[in-house]
Amino acid sequence: MIARLLVPDRVVLEAEVEKVIADTMTGSRCFLPRHIDFATPLVAGIVTYHLVGGEERFAAIESGVLTKKASELLVVSWRAVVSESLDDLSEQMMQRVARDEELERASRRAMAQLETRLVKELLELVR
């Protein structure tokens, strides 16, 4: 089965997997290639996926949505990071949150400056 993990601006993961384990609103669920089609909201947590061959990998996500249709499993989340081990997953997620928050602050500053310029120019036109 092909697993894809998407965030708003990129594809974080695309891999062929044997199974995926994720925390849904009703508890932890395991998804296998021959399971029926399914859609569910996900809570913030760790998604475990097993690559073809048995290698286990991890992804930390904010809340999101998981859909399984035929041989494709799709996870969509606002923020996600992937890792080969659980040890550095927390640190990676904290770095991602810090970077996203800084980008958001910069965007707000730029928007405030644009609004200020617009108001000043409109006042100049009125005079």
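On the surface of this predicted model, Leu118, Leu122 and Leu125 come together as a nonpolar patch, and their combined accessible area is about 340 Å². Leucine 122 has its place in helix 1, which covers residues 89-126, and with a relative accessible area of 47% this leucine is classed as partly exposed.

The interior offers a counterpart to that patch. In soluble globular proteins, nonpolar side chains tend to be buried together. Here the largest nonpolar core has 21 residues, and those with the most contacts inside it are Leu5, Val17, Val20 and Leu73. At least two residues of this core are supplied by each of strand 1 (2-7), strand 2 (10-24), strand 5 (45-51), strand 6 (56-61) and strand 8 (72-77), while the largest share, six residues, comes from strand 2. Leucine 5 can serve as a point of entry for the reader who wishes to trace these contacts: once its neighbours within four places in sequence are left aside, leucine 5 is in contact with Arg10, Val11, Val12, Leu13, Ala59, Ile61, Val75, Ala80 and Val82. Apart from the largest core lies another core, of five residues, including Phe58, Ala60, Val81 and Leu89.

From the nonpolar residues we turn to the charged ones. Side chains of opposite charge can pair when their charged atoms come close. The structure holds 10 salt bridges, and one of them is formed by the side chains of glutamate 14 and arginine 4, with a distance of 3.0 Å from N to O. Because glutamate 14 lies in strand 2 and arginine 4 in strand 1, this pair ties together parts that are 10 residues apart in sequence. Glutamate 14 counts as exposed, at 51% relative accessibility, whereas arginine 4 is partly exposed, with a relative accessible area of 23%.

Another salt bridge joins aspartate 9 to arginine 10, and there the closest N and O atoms are 3.2 Å apart. Aspartate 9 is exposed, at a relative accessible area of 61%, and arginine 10 counts as partly exposed, at 30% relative accessibility.

In a further salt bridge the side chains of aspartate 100 and arginine 79 meet at 2.8 Å, N to O. This pair links distant parts of the chain, 21 residues apart, with aspartate 100 in helix 1 and arginine 79 in the loop between strand 8 and strand 9 (80-83). Arginine 79 has a relative accessible area of 17% and is therefore buried, the cut-off for that class being under 20%. Finally, salt bridges that share partners join Arg4, Glu14 and Glu72 into one network.

Technical notes
Residues are numbered from 1 along each chain as its sequence is written. This is a predicted model: local features need pLDDT of at least 70, side-chain atom pairs count only at pLDDT 80 or more; totals for chains, interfaces and linings use all residues. Side-chain values use heavy atoms; hydrogens and water are left out. A nonpolar core is a set of buried Ala, Val, Leu, Ile, Met, Phe, Trp, Tyr and Cys residues joined through side-chain atoms within 4.5 Å. Buried means under 20% relative accessible area, exposed over 50%, partly exposed in between (1.4 Å probe, protein chains only). Helices (H or I, at least four residues) and strands (E, at least two) are DSSP runs, numbered from the N terminus. Contact means heavy atoms within 4.5 Å. Patches are made of residues with over 30% relative accessible area and no salt bridge: like charges are joined within 9 Å, nonpolar side chains (Val, Leu, Ile, Met, Phe, Trp, Tyr) within 5 Å. Accessible areas come from the Shrake-Rupley method with a 1.4 Å probe; for residues, only the protein chains shown count as cover. A salt bridge is a side-chain nitrogen of Lys or Arg within 4 Å of a carboxyl oxygen of Asp or Glu.
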